[in-house]
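Colleague: Before I take your labels on trust, could we go through them one at a time? I'd like to hear the rule behind each.

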Amino acid sequence: MKNNLVIVGTQWGDEGKGKITDFLAQRADVVVRYQGGNNAGHTINFDGKKFALQSIPSGIFTPHIVNVIANGVVFNPKAALAELEGLEERGVKDYQLYISNRAQVIMPYHMDLDGASESLKGDKKIGTTKKGIGPCYADKANRIGIRVGDLLDKEYFKERLQDALVVKNMELKMYGLPTYEFEPLYEEYLALGERFKKHICDTSVLLNKLIQEGKKVLYEGAQGVMLCLDHGTYPFVTSSSPTAASVPLNTGIAPKYIDNVLGIAKAYTTRVGEGPFPTELDGELANTIRERGHEYGTVTHRPRRVGWLDAVVLKNAVRVSGVDNFSLMLFDVLTGIKEIKICKAYELNGEIIDYIPAQLSDFKKCKPVYETVPGWDEDITNVKSFDELPENAKNYIRKIEEITGGQIAIFSVGPDRTQTIELKKIF
Ligand code: IMP
């Protein structure tokens, strides 16, 4: 059995990664968040309780699991503190959490600038979560970011923050926004550093040690491959890479350890934020799927755009992210739909293609080529095996496998841990 499993979203995020991470975490020793930040919303249901995690790894509920927030994450200490306090209030007190000293800190000005830049773009806005993700990663690349470890070094943090504020206050002024005084911000973030001190360490050293000891590690992706800064629908993407390829860099482990990738895919497609979406539906069917699937953003509560399953998108994840197996989520939501469509290719300028064109103007023109399969009416929320599925539901799974070339190892028929059916043990 392979010990290092990467969980990636194969669509535009919100595929149900939290649920599967939580399900597989029962067998893991370590759970690692490797990119993104509190723009993510990972919903987990068990024992009749519902949790929505944003920056905290999904292994937090299991006391023996080592939870790691790695260097590739942008970390908002204020939001994370509120999240942890919320968990503690609900009885999640016995946990292990380590935060990389190399992770970037999301500062309040990042959130201000995220909102301002979106407003300036008007109808060309990205539709970000306004959590400051893009501006924080931009500062990282621009080398004026604050790292988590800096918060523990009074003198160095002073210098870093003073230097950053020169630039940031200038940008804020440009947008006509209030600027930041050094002292209160410095004191507040020093105190936050102090609060998290016991959790902060070099997580690359920690992870490598755990891997050497033969521990089972789950790398929990946020967002999805279509939102990848490099391979997604740029510029309508997030500012990190939610692919398996980004795991080594974002965690400080060697690429050779990544040998098992599980792609999480909804049985249909959703997208929040702007950008092209070839299989998008509107009208009654879209509303039905949205309501049944509770398709509203965990973080922003925005209604999600809904569409048929796009297998070209899944094939893209197989190619770009090395997905070996899929977990098919929210399968039960499709029950009762007479005919179900799967997009198997696009038609672009009279040509049939099975990849995502790099140019957004081309992607916008792509017309889905559908395969239509019959639906089923039987309630599938209690099935415990593939054999118990109605024939048409079985066929839907087989059809997806046939078109994508991947294998469905898990399918999910409801929000609870127990409504998860494993066809193949991959971890
Ligand atoms: P940002 O990550 O807040 O900069 O937002 C950039 C794009 O990614 C927007 O379209 C967001 O809606 C989308 N996005 C960011 N995080 C998530 C997520 O966890 N699920 C789905 N979409 C997301």
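Modeller: Let's start with the radius of gyration, which is taken over C-alpha atoms; the globule rule is 2.2 Å times the number of residues to the power 0.38. This is a predicted model, where local features need pLDDT of at least 70, side-chain atom pairs count only at pLDDT 80 or more, and totals for chains, interfaces and linings use all residues. Residues are numbered from 1 along each chain as its sequence is written, and side-chain values use heavy atoms, with hydrogens and water left out.

Colleague: How do you know whether the radius of gyration of the protein chain agrees with a compact globule?

Modeller: For 427 residues the rule gives a value near 22 Å, and the protein chain has 21 Å, so the two agree. The C-alpha trace spans about 65 × 50 × 40 Å along its principal axes.

Colleague: What makes a residue of the protein chain count as buried, and what percentage do?

Modeller: Buried means under 20% relative accessible area (exposed is over 50%, partly exposed in between; 1.4 Å probe, protein chains only). By that cut-off, 57% of the 427 residues are buried.

Colleague: Why is strand E19 called largely enclosed?

Modeller: E19 covers residues 407-412, and 5 of its 6 residues are buried, so the rest of the structure largely encloses it. A strand here is a DSSP run of E with at least two residues, a helix a run of H or I with at least four, numbered from the N terminus. The protein chain has 12 helices and 20 strands.

Colleague: How do you know which sense E19 and E20 pair in?

Modeller: Two strands pair if DSSP finds at least two bridges between them. E19 and E20 have 3 bridges and are antiparallel, with Phe411 bridging to Ile421 in E20. E15 (residues 325-329) is joined to E19 by 4 bridges, and those two run parallel; there, Leu328 has Phe411 as its partner.

Colleague: What makes E9 and E20 edge strands?

Modeller: The open sheet has 10 strands in the order E9-E7-E5-E2-E10-E1-E11-E15-E19-E20, with mixed pairing. E9 (200-201) and E20 (420-422) each pair on one side only.

Colleague: What makes the ligand's approach to Thr129 a polar contact?

Modeller: A polar contact is a pair of N or O atoms within 3.5 Å (within protein, one must be able to donate a hydrogen and the other to accept it, and residues adjacent in sequence count only if both atoms are side-chain atoms). A ligand oxygen is 2.6 Å from an N or O atom in the Thr129 side chain, inside that limit. The Thr238 side chain also has an N or O atom 2.6 Å from a ligand oxygen.
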